[in-house]
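Dear colleague,

I am handing over a structure for you to look through, and below it I have written down what was found. Please keep it open beside you while you read.

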Amino acid sequence: MSGEKLMSKKKPAFPINKKLDGYLNKYSRKIEIPIFYEDLLRFSGSIIVYDSNEEDTLWVRVYYSDFEREEIDISLKKVYSILHSDGSDRILDYLTVDAVDYCTFGNSKPFRIKIRNILNDNYTYFYVKKTDASRVYGLELEHMLSPYNLNFLVHGDTLIEEHIAGIPGDVFIQDMLPKCNDAEKAQLAKEFVKFNERCMIRLLGDMRSYNYVIVPVHDFDHVVYRIRAIDFDQQCFEGKFKVYLPQFFKENYQMVNLVGDRLQENSVDQYKIEERSIVAKRIISSGNRIKRLLNCVKNHKISLSENVLQLKNELHDFTMDVEFKKCNTMGQILATALDFVKRNYEDVSMKEIIENKF
């Protein structure tokens, strides 16, 4: 099924409300930064950024007048210090802004900032975007419910995100997947099943191949692959349940085939159960933090009424849990979905305790 048929044409941005703002302040996500998204829009020109094959990357490298550039460079270096260090000015003399790139593709239209340490030429990236409540919820849920921690900052209408390193999924599928051996393909298939399940549980949509990265990890004498989401714009927005399952996007067709070729049905079921159990444990261990986040999202408008109605009905049909029918907002659907996973995990665990007479 094509991504175009699954997805709405354009998702609107939703503002941060007072309750979410208080949550971000409590957990040190809200902090004053010396530059805003609108400041970076004052560029005076741009050039296209090509990849190593001379193909358009859909990013443009922007440049500023001499007067603007000096102020912007200092501000961006300070943002780097706040994001990755103690926020002091001590390291600024050792940093330089190598590039400011702007992407007009997609909803968020981000700026990508390349910061280099002039002492050793090490460099890293971070992103400057317009704040969107959906994306903030997505980032927080990824931080709490996935295997990975995320670092981001919010100030007014500006969102700062750290770079998530990895090989873009579409690039990996086209250039590297054919070169993987049988063991690596089986491991990738397992990881895709778990990634698919994780996205479904926490209602993260639009995980087409260019919205996640493949991260190779060297472990003794072999390579283990991990899949990480990099775009959280479609957290709890769409009404179609299939949008929250990466397996239904045509861009992931080869990964789905890999699962069919390399894994037996029993193995697929096993990996799904493993992932649900891991997410349930993370929900429990997150304690008050995830409870506070869900209290924020339950009454926060982050979708359209017709999407809420469609998704709650489709999830009821999928789970047969009547609690979904009672939901009136996307936040309530999300809270019910996480509670469903947690309750099922606890029920199974209790059965095992009783049967084993511990």
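The buried residues of helix α6 are covered by several elements, among them the strands β8 (167-168), β9 (212-219) and β10 (222-229) and the helices α7 (182-201) and α8 (253-262). Please bear in mind throughout that this is a predicted model. Which residues of α6 are buried? In this helix, which runs over residues 169-176, they are G169, F172 and I173. Seen down the axis of α6, these buried residues fall within an arc of 95°, so they line one face of the helix. This fits a general rule: an α-helix has 3.6 residues a turn, so residues three or four places apart point the same way.

A second place to look is the pair formed by helix α5 (residues 133-145) and helix α10 (residues 288-298), which pack at an angle of about 160°, with their axes 11 Å apart. An angle over 145 degrees counts as roughly antiparallel, and α5 and α10 are therefore roughly antiparallel to each other. Their crossing is left-handed. On the side of α5 the contact is made by Y137, E140, L141, H143, M144 and L145, while α10 brings R289, I290, L293, C296 and V297. Sorted by class, this contact has eight nonpolar residues, one polar residue and two charged residues.

Finally, please find F111, which is placed in strand β4 (residues 111-117). Is F111 buried or exposed? Buried means under 20% relative accessible area, and F111, with a relative accessible area of 0%, is therefore buried. Its C-alpha atom is separated by 18 Å from that of E32, and the two residues are 79 residues apart along the chain.

With best wishes

How values were computed
Residues numbered from 1 in each chain as written. Predicted model: local features only at pLDDT ≥ 70, side-chain atom pairs only at ≥ 80, totals over all residues. Heavy atoms only, no water. Axes fitted to C-alpha atoms, helices over the stretch in contact; angles between N-to-C directions. Helix = DSSP H or I, 4+ residues; strand = E, 2+ residues; numbered from the N terminus. Parallel < 35°, antiparallel > 145°, perpendicular 65-115°, else oblique. Left-handed = near helix turned anticlockwise from the far one by under 90°. Contact = heavy atoms within 4.5 Å. Nonpolar A, V, L, I, M, F, W, Y, C, P; charged D, E, K, R; others polar. Buried < 20%, exposed > 50% of the residue type's maximum accessible area, 1.4 Å probe, protein only. Arc of directions from axis to C-beta.
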